[in-house]
Each structure stands twice: as C-alpha cells, then as structure tokens.
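Open your viewer and get ready to click along. We will take a short tour, one selection at a time.

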Amino acid sequence: MIEVRDLVKSFDGFHALAGASVTVPKGAIYGLVGPNGAGKTTLLRHLTGVYRQDAGTVRIDGQDVWENAAVKMRVASIPDDWYYFMQSNLRDMMAFYRGFYPQFDVARYERLKAVFGLDETQAIRRMSKGMQKQAAFWLAMCCMPDCLILDEPVDGLDPVMRRQVWGLIMQDVSERGTTVMVSSHNLRELEDVCDHVGIMNKGTVLLERSLSELQDNTVKIQIVFEGEAPKVEELAVPTQLRVLHESVVGRVHTIIFRGAQSAVEARLATYKPIFMEAVPLTLEEIFIYELGGADYAVKDIVL
Amino acid sequence: MQSKTSYFNRTVFINDCKRYWPLTAGYGLFLLLLLPLERLTTLNHTSEYLSAWNICYKTLEIAAHGGYWIAFFTSILFAMASFSYLTNPRATNGLHALPARRETLYFTHYLSGLCGQLSVQVLAVLLTTAVLTSRGVFDAHLTGLMLLAMILPTLFFYSFGVFCMIFTGQMLAAPVFYFVLNILVVGVELLVRTFAGNFLYGWSGDTTPVLIEFSPVVKLLSEIGVGKDYAYSSNGAGYAQRISGVTLMGIGWLWFYAAVGLVLAALGLLVYRTRHSEATGNIVAVNWARPVFKYGVTFCAALALGQLLYYLFFGQYRYNGDYSLAGTLLCMAAAGLIGYFAAEMLLKKSLRVFRSGWKGAAGVTAALVLLGCCMTFDLTGYEGYVPDAGQIQSARVDFAFHNSGVSFHAELSDAETMRLLTEAHRALALDKARQQRVHRETDEWPIPGTGGGWFDVSYTLKSGRIVTRSYSHITIYAEELGDPASGAATLTAFYNAPIVALQRSVGWDDWASRVTDPRTLTDLRFTGGYVDQEVRDADGNYDHSWELDLSPAEAKAVFDAISRDALAGRVDASLFDNPQSMAGSITLFASYIDTKDPSSGYIHPDADEDGRVTANFCPVVTTRMIDTITTLCSLGIVPEFN
C-alpha cells in the first residue's frame with residue numbers, strides 16, 4: 001500500500017506540494033489527475049525516492065521510501081522523461097536493470113519481445129518517442145515490481161500499443177496484485193483502467209476516492225421547473241448538498257451536485273419539476289467541475 | 001526496515017567502465033607515450049652513456065613531474081565523467097530512482113573514475129620497469145617511487161574534482177570551480193596584499209604567499225622534485241662522488257594531500273547526501289554553498305576587478321599609502337556590484353535580478369565602503385604600530401639612500417639597537433603626511449641635497465609574530481639632524497649604533513643570510529688576506545701601487561681591530577655623504593660553518609663536504625679607525641690616505 005501523508009516540498013520558495021496526502025490500496029490502479037503544475041510529477045518523484053520531502057511521510061507498505069533500496073527494489077517507474085544511457089541499446093539497459101532488480105525476469109523479457117517488437121540492438125536514442133516509451137514499459141514490466149509508478153505512461157504510444165500496454169498492466173494487477181499509481185491527463189483512458197482517483201490542485205489532493213464512489217457521489221441532473229427556477233443556493237442549503245456547476249439552455253437546467261443521487265432527487269422533487277433526469281458523469285466532467293470549485297474553471301474568453 | 005548499507009554496486013561500476021573507456025584509453029595512451037615509450041626510445045640511443053642511477057633519476061623525474069601535471073589536468077575529466085549524471089536532470093532522476101542508496105552510487109562512481117586512472121598508471125609504471133629491466137636497470141624502490149609519484153597526486157586531485165562536481169549541477173562549472181579553487185587562496189591572498197598596499201602606508205608589499213598549503217597545485221609544484229643521493233669515496237688524490245640513489249622530494253606533502261583527498265572524498269559523500277536531485281542544472285547545487293558562492297564572487301570581483309579599475313582610472317602613478325579614497329571606494333563598489341549581480345544571475349539563471357537583489361547589493365556596497373574606510377582611517381592601527389623594543393626578538397633591516405650611496409642590510413637583535421631602530425621607524429611612520437606630499441608634489445626624486453631612499457624592516461617578536469613594514473619612498477633632511485625626533489636624526493643614530501657599525505664594517509655579506517653578525521659565525525677561521533693600494537700624486541695621476549699579503553694571523557688581527565673600532569664608536573658615518581675611506585682596499589679571507597638552521601637540514605650552497613663556507617670581505621677603513629690603522633702599521637703596512 002502506498003501512503004503519503006502531509007507531503008510538503010518547496011523549490012526555491014515555491015511550494016510544489018503543500019501537504020498532499022494520498023492512500024493507494026494494495027492492488028489498486030490509482031489515477032492521479034490534476035491541472036498542469038498541480039504537483040503530480042513531484043509527488044510521483046517522492047514515491048520513487050528521487051526527491052526528499054521537506055515534511056510529511058512517503059511510505060510503501062509502511063516503510064519510508066527515501067534511501068530505502070529494499071523498498072525501491074519493489075518499485076518500478078516510468079517517468080515522463082525516461083532516462084537511458086546515450087550509447088545504450090535495449091539489451092544494455094536490460095543488463096543494467098538486472099543489476100538493480102534481483103527479481104528481474106529474463107524469461108518475461110524474452111516473451112515480451114513479441115509484444116513490443118523493438119530491435120534490441122538499436123541505440124535507444126535513435127528510437128522514436130513512442131518506441132522509447134515501449135522500451136521503458138518492456139523493462140519496467142520485467143522488473144516484476146510490486147508497485148508501478150507511471151507518469152504520463154502512454155503519452156506518445158499509438159492506440160494499439162496503448163491498449164496493449166494497459167492490458168499488460170491490468171494483467172499484472174490481477175495476477176500479481178501489483179499496485180499502480182498513474183498520472184495522466186487522458187481522463188477518458190484513466191476512467192477505463194483506474195479503480196481509484198485522486199484529484200490534485202496547487203500541491204494538495206482535493207479529493208480521492210474509488211471511481212465508483214466518486215461517480216456515485218457526484219450527480220448530474222437535467223431538470224425543468226414549472227415556474228421560475230429557484231436560486232442555486234436554495235437548492236443546496238438544507239440537505240448539505242453542494243452545487244458544483246449549473247447551466248441553463250432554454251428552460252432546461254443542468255445542475256451538477258456533490259452528494260448522493262437519491263438525496264439530490266429527493267431535494268429537487270420538492271420543487272415539483274416538470275422534468276428531471278440523472279445523467280451519468282464522466283471522470284473528465286467530475287475533474288472539471290471539482291476544480292471549478294477550486295478556482296480552476298474553464299473560462300469563457302472572448303478573443 | 002531500511003536496507004543495509006552497501007558502498008559498491010557492480011552494475012554501476014561496470015557500466016561506468018564501459019561508458020567512459022575512451023577517456024581511460026586516451027589517458028592510457030598519453031601515459032604510455034610519456035613514460036615507457038619515451039624511456040624505450042631514449043634508452044635505445046643513450047643507455048650506454050648513462051649510468052644506471054642517471055637513468056633512474058630521469059625516469060623518476062618524468063614520473064614525478066609528468067604524473068603531477070597529468071593528474072592535475074585529467075583528474076577533473078574523470079570526475080566529470082563519473083559524476084556527469086549530476087548535471088543532467090533526466091540522468092539524475094533516473095539514477096536516483098534506482099534501488100540504490102546515495103552512498104552506493106557515490107562510492108561506486110568515485111571508484112570507477114579512480115580505478116580508471118590508477119589501473120593505467122600501474123600499467124605504465126610496470127611497463128616502464130620492464131623497459132628499464134631490459135636495459136639492465138631494475139630497482140624495485142624506483143618502481144615504488146614512480147607509483148607513489150603518480151597515484152598520490154591523483155588521489156588528491158581526483159577527489160578534489162569529485163568534490164567540485166558534487167557542488168555543481170552544471171558540467172562546465174566543475175572545471176572552473178576545480179581550477180579556481182586550486183589557486184583561490186593564494187590568489188585571494190595576493191589580491192588582499194596588493195589591496196592593502198593601496199591603502200596602507202608602510203605596507204610591506206611582500207606578495208610571497210603564506211597560505212600556500214591551501215592552494216594544493218601551487219604547493220605541490222613547489223615541493224615535488226627528484227633528488228640524488230651521493231656517496232663519497234677517497235681516491236687518493238681527493239674525494240670522488242657518485243650517485244648512490246634517487247629520492248622523491250616532497251613525498252611527505254604528497255602523502256598529506258592524498259590523505260586530504262580521502263577526507264574530501266568522505267566530505268563529498270556528506271554533501272552528496274544533502275544535495276537535492278532537483279538542484280541539477282544549478283551552478284551551485286548545494287543550498288548552503290549558494291551564499292558562499294555569491295559573496296565570494298563579490299569579494300573577489302571587488303578585489304581583483306576593483307583594483308584593475310582603480311589602476312586604470314586613478315592609480316597608475318600612485319604608490320602605497322598614497323591613493324584616492326573616493327576613487328578606490330568607487331571602483332571597489334562598482335566591481336563588487338558587478339560580481340554580486342553576475343553571481344546572482346548565475347544562481348538564479350535569470351538576467352532579471354536587479355530588482356530582487358537590490359538589498360543584497362546595497363549591503364555589499366556598504367560593506368565594501370566600510371572596509372575601505374576602516375583601512376583609510378587606520379582603524380586597525382596598522383600604520384602607526386611600531387612594536388616596543390622589549391617585545392622584539394630580532395629584526396631584519398634593509399635601507400638605502402640614493403644620493404649618498406648608503407646601503408645597509410642586517411639581522412639585529414640587541415636591545416639598545418632595537419630601541420634605536422624602533423625610534424627611527426616610529427619617526428618615519430609619524431611623518432606619513434609629509435612623506436606622501438613630498439613624493440606627490442616633487443617632479444625630481446630624490447630631491448638633490450636630501451636623503452632619498454627606501455626603508456624596510458621586519459621584526460620577529462618574542463611572541464613569534466612577524467611585523468613587516470616597507471617605506472618605498474622616504475626623504476630625510478640634513479638640516480633636521482639637530483631635531484632628535486626627526487627621521488634624519490633617529491635614522492642616523494641607528495646607523496651609528498655600535499652593533500650596526502660593526503656590521504657595516506665587518507658584516508658577512510652572505511647571499512642566504514644577508515649581512516650576518518660575524519660574532520655569530522661558528523668556528524670562524526681566517527685563512528689570509530691582502531692589502532693593496534694604488535697611490536696617486538698631488539695631481540691625481542698614477543704614481544705607484546703596492547700589494548701586501550696577510551697571513552691568517554694578520555688577517556685575524558686586522559679583523560679584531562676593525563671590530564674594536566666599530567664597537568668603540570669610531571666607525572660613525574653619515575646618511576648624507578660617502579664615508580671617507582682609505583684610498584686602497586683590504587681583503588680578508590675566512591671560512592666558517594654555516595649553522596643557520598641545522599634542524600631543517602639546510603646546507604649552505606657553497607659549503608664544502610665538511611660543511612665549511614669560504615668567503616672574503618672588504619671592510620672600509622676610515623681615518624677615525626685608530627685601532628685598525630695602528631694594527632696595520634704594526635704589521636708594517638702604512639696606508640697612504642688621500
């Protein structure tokens with residue numbers, strides 16, 4: 001289990017992380033989402049032992065990550081800017097990784113040749129960005145990690161290879177109980193693979209839940225009132241519901257609430273609407289509307 | 001549970017060796033050309049003419065000097081290669097994400113760079129030994145010395161290079177730090193000395209560094225050498241000498257700096273553990289070192305660039321103690337600010353530092369102005385300080401006056417002479433304003449009819465402290481001889497003190513110890529001498545000349561007589577006129593054992609195998625030296641005075 005508590009990190013006075021807390025259950029695929037500069041990569045670099053925190057704790061299975069080689073042997077990572085030696089090819093890097101990860105599975109490496117189809121003797125620097133990403137996946141998967149840290153992992157991969165890679169990861173999760181933490185801006189893709197989501201903004205984690213919990217707790221209602229529509233504030237007050245967003249097209253109001261669907265519908269029923277329907281929310285919508293409340297809304301700009 | 005600490009990772013080591021083999025190969029090729037191949041080609045042509053020890057000597061010389069310079073220049077390259085990942089954010093993050101502790105990475109990279117060099121050095125030395133052996137010269141001791149001469153400086157310079165790499169996140173900054181820090185202390189000391197020379201009246205101007213140990217490349221350069229051991233044997237007609245061995249000089253310092261290198265390697269680890277991965281790319285990657293860098297650059301810029309600006313704009317025709325305060329402060333402040341903002345730009349990686357850095361800049365300017373004012377108003381009491389005579393153990397005095405041709409230098413220690421010396425020194429120090437004004441306003445210096453010259457003194461106090469002062473342009477006036485507090489009167493009183501007179505008359509003008517009090521020479525034995533005179537008639541035309549040899553006993557008698565005259569005050573002289581001398585010359589031969597500093601192993605360069613130094617001296621005899629003239633007459637020598 002990955003456990004980050006009250007993580008603080010500053011760079012030259014800039015607070016990249018301001019008390020971020022994350023809990024990733026064992027065997028979960030945790031999607032870390034957030035706007036640019038939210039602190040996702042910084043948080044992931046703490047999990048791989050690259051950065052040392054100013055305050056807070058970063059633990060995997062109860063052990064501090066910083067300078068803990070035993071823990072890091074169980075962690076493989078694919079950063080956004082994966083590093084390879086300038087002159088090296090895949091076999092060189094495989095040998096290098098084998099030296100660090102005692103559980104490196106050479107048989108799996110051989111099996112994955114068929115999946116990735118890369119030329120092992122080609123210098124990695126001569127590969128395309130997508131091929132380099134494949135190489136990183138190939139090696140990371142062979143490290144047999146208990147914990148996989150991925151930062152924008154499929155960025156640069158073609159759709160087939162994306163599906164292939166996610167398939168491999170899901171297989172590892174189901175068969176070996178691998179815990180995966182992945183940061184991505186591709187929310188549509190995350191929605192398909194993640195079972196837990198954390199939303200970061202300005203160095204903190206605004207909320208983290210299982211995806212189903214998150215979707216259950218956020219309701220999008222399309223409603224038509226009989227007379228004049230009540231004010232938004234009135235809708236939320238008595239039942240502790242929170243309105244994340246409201247828009248009106250004609251007489252149709254689209255309102256996004258945080259709260260249980262039953263509670264929302266019960267509350268709105270008191271206004272005797274002509275029409276009321278709950279519409280499923282995508283992760284992207286949840287992301288946008290949650291961050292809208294955190295002062296990161298999509299702004300209408302006239303150019 | 002934390003993993004157990006491991007200081008070595010085989011994978012990293014092998015990876016480093018694989019990646020940087022061209023550097024190792026190039027280094028090896030260079031070293032092989034320098035040592036075994038050079039020896040092979042040279043010995044092929046000259047071995048029959050050279051003795052075995054001469055071959056050893058030359059070989060060790062190449063290994064010592066070549067090894068030193070190669071270590072100095074290539075160590076930083078190996079350090080840069082081994083720790084290059086610290087200058088590339090991707091590489092830093094990539095390696096730090098691996099399951100290895102910082103000390104594992106550090107020591108493995110450290111060892112890979114070191115082994116790359118040492119392995120090549122061992123190979124080169126072994127091949128050289130093989131070459132020598134093939135020419136019939138095998139000496140295991142020489143092989144050991146060659147290895148030490150190459151390995152020890154490498155240990156230091158490489159560790160120092162690694163230390164520099166740990167402090168920076170920019171590849172190109174590492175060699176700059178390396179070369180600058182190697183000479184920084186000596187350089188700053190030189191700058192401080194020349195800076196003080198701008199302000200301080202009486203500043204000695206001595207630029208000989210005393211903190212040379214902190215500039216290893218300079219210190220080792222001055223210490224490393226190859227010496228020959230000689231054996232003497234009697235061959236009937238005399239002694240024959242032959243080389244009996246070769247020694248590596250300065251090996252103590254090599255061991256010392258190698259040990260320092262290991263300490264630096266350990267300190268490097270401590271710094272590396274505190275260094276943040278995100279600091280990669282910064283000129284100074286360690287937080288606490290950033291202000292040190294900023295204010296260090298500021299200080300050095302103020303001293304170096306400030307002095308250059310001052311010299312260009314204000315000070316080309318000034319000398320020590322005579323300066324433009326405003327000009328100096330302006331130049332120093334301007335140069336300091338340039339240094340400050342340049343350092344700020346490097347640290348912040350931005351040109352927009354003026355607004356954010358104004359507070360620091362103001363502080364720097366204030367500090368520099370304060371420093372300048374402290375020096376100007378002599379708040380430290382430097383200019384007026386003259387030690388009490390009772391505090392002085394000994395003093396070395398050098399002075400000369402151009403018009404009269406007076407030139408004197410001596411080592412002195414007796415209490416009365418010290419009293420007279422400090423009085424003269426005090427009078428010159430108090431006369432600062434007039435001395436500077438005269439020099440500034442006078443076109444022709446020295447002024448005709450005055451005593452114009454220089455005066456240097458270096459006191460060794462009983463506390464061990466050394467106080468040195470130098471007055472490069474002083475003027476004394478004959479009309480002030482009646483004023484006992486004037487520079488002219490006090491200097492004349494000193495010049496005519498009995499011990500000074502003795503030294504003037506029979507002082508031993510030795511290149512190493514300047515003028516030595518003859519009474520301090522050990523086992524002074526006179527071996528002879530002669531008196532000669534060229535006599536002229538009333539019109540000044542040559543009339544006749546004569547020369548008379550002196551036996552050792554006669555020479556000693558003359559010497560004793562001159563000494564008695566001097567101590568009796570009959571060898572008085574003026575700083576304004578040439579002394580009236582006998583129109584002839586006396587030359588005395590003597591030998592002595594120079595025991596100036598036996599503990600340091602000092603041997604006078606002119607000493608013979610018994611350690612005796614043979615010298616001669618030519619005392620000036622004046623008409624008031626009654627004892628000397630009487631002695632000469634008793635020896636049948638009647639000088640004819642002009």
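Start by selecting F83 and Y85 of chain B: both F83(B) and Y85(B) are buried. Keep in mind that you are looking at a predicted model.

**Stop 1: rings in chain B**

Stay with those two side chains and show their rings. How far apart are the ring centres of F83(B) and Y85(B)? They are 6.3 Å apart, and the planes make an angle of 25°, so this pair counts as stacked.

Now select Y110 and Y158 of chain B. Here the ring centres are 5.2 Å apart and the planes stand at 45°, so the pair is called tilted. Colour the helices and you can see where each partner sits: Y110(B) belongs to helix α5 of chain B, while Y158(B) belongs to helix α6, residues 140–167. The pair links distant parts of the chain, as its partners are 48 residues apart. Is Y110(B) buried or exposed? With 5% relative accessibility, Y110(B) counts as buried. Y158(B) has a relative accessible area of 0%, so it is buried too.

Next, pick a bigger group. Select Y68(B), W69(B), F72(B), F73(B), F156(B), F157(B), F160(B), Y178(B), F179(B), W253(B), F256(B) and Y257(B), and you have one aromatic cluster on screen. If you enjoy hunting for rings, there is plenty to find: a search over all chains gives 51 aromatic pairs in the whole structure.

**Stop 2: where the two chains meet**

Colour chain A and chain B differently and turn to the place where they touch. How many residues of chain B are in contact with chain A? There are 25, and they touch 28 residues of chain A. Together the chains bury about 2500 Å², with 53% of that area on carbon and sulfur atoms. To find the main contributors on the chain B side, select R90(B), P99(B) and E278(B): these supply 26% of the area that chain B buries against chain A, more than any other three residues.

Keep E278(B) selected and add K9(A). The side chains of these two meet in a salt bridge, with 2.7 Å from N to O. The count of salt bridges between the two chains is 2. The interface also holds 8 residue pairs in polar contact, with both residues at pLDDT 80 or more.

Now highlight α1 (10–19), α4 (89–96) and α5 (102–134) of chain B, the elements that each give two or more residues to the side touching chain A. Which element gives the most? It is α4(B), with 6 residues. By type, the residues on this side of chain B divide into 8 nonpolar, 10 polar and 7 charged.

**Stop 3: two alanines in chain A**

Select A123(A), in the loop between α4 (106–116) and α5 (129–142) of chain A. Its relative accessible area is 16%, so A123(A) is buried. Beyond its neighbours within four places in sequence, A123(A) is in contact with S88(A) and N89(A). Try the distance tool on A123(A) and R91(A): they are 32 residues apart in sequence, and their C-alpha atoms are 9.7 Å apart in space.

Finish at A269(A), in helix α10 (residues 261–269) of chain A. This alanine is partly exposed, with a relative accessible area of 39%. For a last distance, pick D192(A): its C-alpha is separated from that of A269(A) by 33 Å, and the two are 77 residues apart along the chain.

Notes. Residues numbered from 1 in each chain as written. Chains lettered and ligands numbered in written order. Predicted model: local features only at pLDDT ≥ 70, side-chain atom pairs only at ≥ 80, totals over all residues. Heavy atoms only, no water. Contact = heavy atoms within 4.5 Å. Buried area = accessible area lost by both parts, 1.4 Å probe. Salt bridge = Lys/Arg side-chain N within 4 Å of Asp/Glu carboxyl O. Polar contact = N/O pair within 3.5 Å; in protein donor to acceptor, adjacent residues only side chain to side chain. Helix = DSSP H or I, 4+ residues; strand = E, 2+ residues; numbered from the N terminus. Nonpolar A, V, L, I, M, F, W, Y, C, P; charged D, E, K, R; others polar. Phe/Tyr/Trp six-rings, centres within 6.5 Å; stacked < 30°, edge-to-face > 60°. Buried < 20%, exposed > 50% of the residue type's maximum accessible area, 1.4 Å probe, protein only.
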